[in-house]
Amino acid sequence: MKPQNLRIPGPTPCPPEVLEAMGRQMFNHRGPEFRELLKDVTLRLKDAFRTQHDVLIFPSSGTGGWEAMLTNSLSPGDRVLAVSIGVFGDRFADAARAFGADVVRLDVEWGKAADPSDVEARLKADPSIRAVLITFNETSTGVTNPLKEVGEVVSRYGPLLLVDAVSGLGALPFEMDAWGIDSATTGSQKAWMIPPGMMMVGVGARIWEAVKTARMPRYYFDFENARHFLEEWETPYTPALPQLVALQVALHMMEKEGWESIFRRHRALGAATREGLKAMGIRLYADEAHASDTVTAAWIPEGVDAKRLIGIMRDKHNVIIAGGMGKTKGQVFRIGHMGWVFLPDITDTLAALEAALQELGVAVSKGEGVAAAEAAYKRVMEGGGR
Ligand SMILES: *Cc1c(COP(=O)(O)O)cnc(C)c1O
């Protein structure tokens, strides 16, 4: 059988160069070789986050990044506005509540993006809001929030802006400093082309101020402690050495491709996936004006059992797609296209989907999805818009 086409929105496939680098022998994390590595990766990450401030790296999945941002900047009882457009936004709000924040919510209909003017109305009405929590790219619904515009609004009112950028950073244009983002986190297993196990978090100047009075309990993810060790290019506790070695290789690959090229490739992959699905008569879940270029969610066609569709894709075609999350479980499927992904990965997925749907008795015209995907990809790569 052909190699597996892993099309879930994380963990994502890793380039062979990355996997090879990870196979090396362990080394001393208090030695000169490690300090060189951490310095190199940290400086490159600052460039990727587009920040003059700090980027800290911790062993953890992405969720640990929320905990780190929250506990280092807030105190129990602080009011936070949690903007949720899906499952990850809900969980980010839950994490804030777990640490004692007074969470007020702005819930957006699933499939849609947050409207910056709604955020503004909430901030205007309640000056006690200390922080705004938002998901950059909502992986459960396949929607990207207009973060730049949200950042402009939040900057005007003054609360901290804490961003879950887990499934967007490294694939979509992102400007931590210019968009007024105080802290943003991402996870190794998403656009970074390396295995799970590490989160990276950008820490802006206002967080370094806030941390002095923030009383939420924290220990492992203490930013001041991490910064203290980073002065010597070390980490307080044992780092995820294989992931760091992998990230160095991946960042070199990404810089070689160039950030603008990476963004364009993802834009083209997003367009290819959406146009391909539409040409097959499949309805997209997300509002197309804010559709994500790293993950696409679509409705399971009428009368089709989600588990069977996903199972046939896996067992007969070796293509692994994801189901729905939360209330869309059983109704939606999702295709990941972030990181080490190229057009043939998408056309292979669409061809497998076509065959699986035919097997399930759905009428799909042959080859139309693939043809539409190829045309959309070409159009974006040759300079068209979305
Ligand atoms: C993957 C993801 C996370 C983090 O999930 P982990 O399993 O903890 O890595 C958080 N937010 C979004 C939007 C994600 O896609």
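How far does a polar side-chain atom of Ser 61 lie from an oxygen atom of the ligand? In this predicted model, the separation is 2.5 Å, and the legends below begin with that site before turning to the sheets and helices.

**View 1. Residues around the ligand.** The ligand has 13 residues around it, and those that come nearest are Ser 61, Thr 63, Thr 139, Asp 164 and Lys 190. Besides the pair formed with Ser 61, in which a polar side-chain atom and a ligand oxygen are 2.5 Å apart, the side chain of Thr 63 places an N or O atom 2.5 Å from an oxygen atom of the ligand. For Thr 139, an N or O atom of the side chain is 2.4 Å from a ligand oxygen atom.

**View 2. The open sheet of seven strands.** Following the order 2-10-9-8-5-3-4, seven strands make up an open sheet whose pairing is mixed. Strand 2 (54-59) and strand 4 (102-107) are the edges, and because each has a single partner strand, one side of each is left without a neighbour in the sheet. From one strand to the next, the twist averages 20°.

**View 3. Strand 3, strand 4 and helix 4.** Strand 3 (residues 79-84) and strand 4 run parallel and are joined by six bridges, and within this pairing Leu 81 has Val 104 of strand 4 as its bridge partner. Helix 4 (residues 87-98) packs on the sheet, where it touches strand 3, strand 4, strand 5 (129-135) and strand 8 (160-164), and the direction of helix 4 makes about 170° with that of strand 4.

**View 4. The open sheet of three strands, with helix 10.** Three strands, in the order 11-14-13, form an open sheet with antiparallel pairing. Its edge strands, strand 11 (295-299) and strand 13 (322-323), each pair on one side only. Two bridges connect strand 13 with strand 14 (residues 332-336) in the antiparallel sense, and Ala 322 stands opposite Arg 334 of strand 14. Helix 10 packs on this sheet and touches strand 11 and strand 14, with its direction at about 15° to that of strand 11.

**View 5. The crossing of helix 9 and helix 10.** The axes of helix 9 (residues 241-257) and helix 10 (residues 259-279) come within 5 Å of each other and cross at roughly 85°, which means that helix 9 is roughly perpendicular to helix 10. Helix 9 contributes Met 254, Glu 255 and Glu 257 to the contact, while helix 10 contributes Trp 259, Ser 261, Ile 262 and Arg 265. By class, three residues of this contact are nonpolar, one is polar and three are charged.

Methods
Residues numbered from 1 in each chain as written. Predicted model: local features only at pLDDT ≥ 70, side-chain atom pairs only at ≥ 80, totals over all residues. Heavy atoms only, no water. Axes fitted to C-alpha atoms, helices over the stretch in contact; angles between N-to-C directions. Helix = DSSP H or I, 4+ residues; strand = E, 2+ residues; numbered from the N terminus. Parallel < 35°, antiparallel > 145°, perpendicular 65-115°, else oblique. Contact = heavy atoms within 4.5 Å. Nonpolar A, V, L, I, M, F, W, Y, C, P; charged D, E, K, R; others polar. Pairing = 2+ DSSP bridges. Near = heavy atom within 4 Å. Polar contact = N/O pair within 3.5 Å; in protein donor to acceptor, adjacent residues only side chain to side chain.
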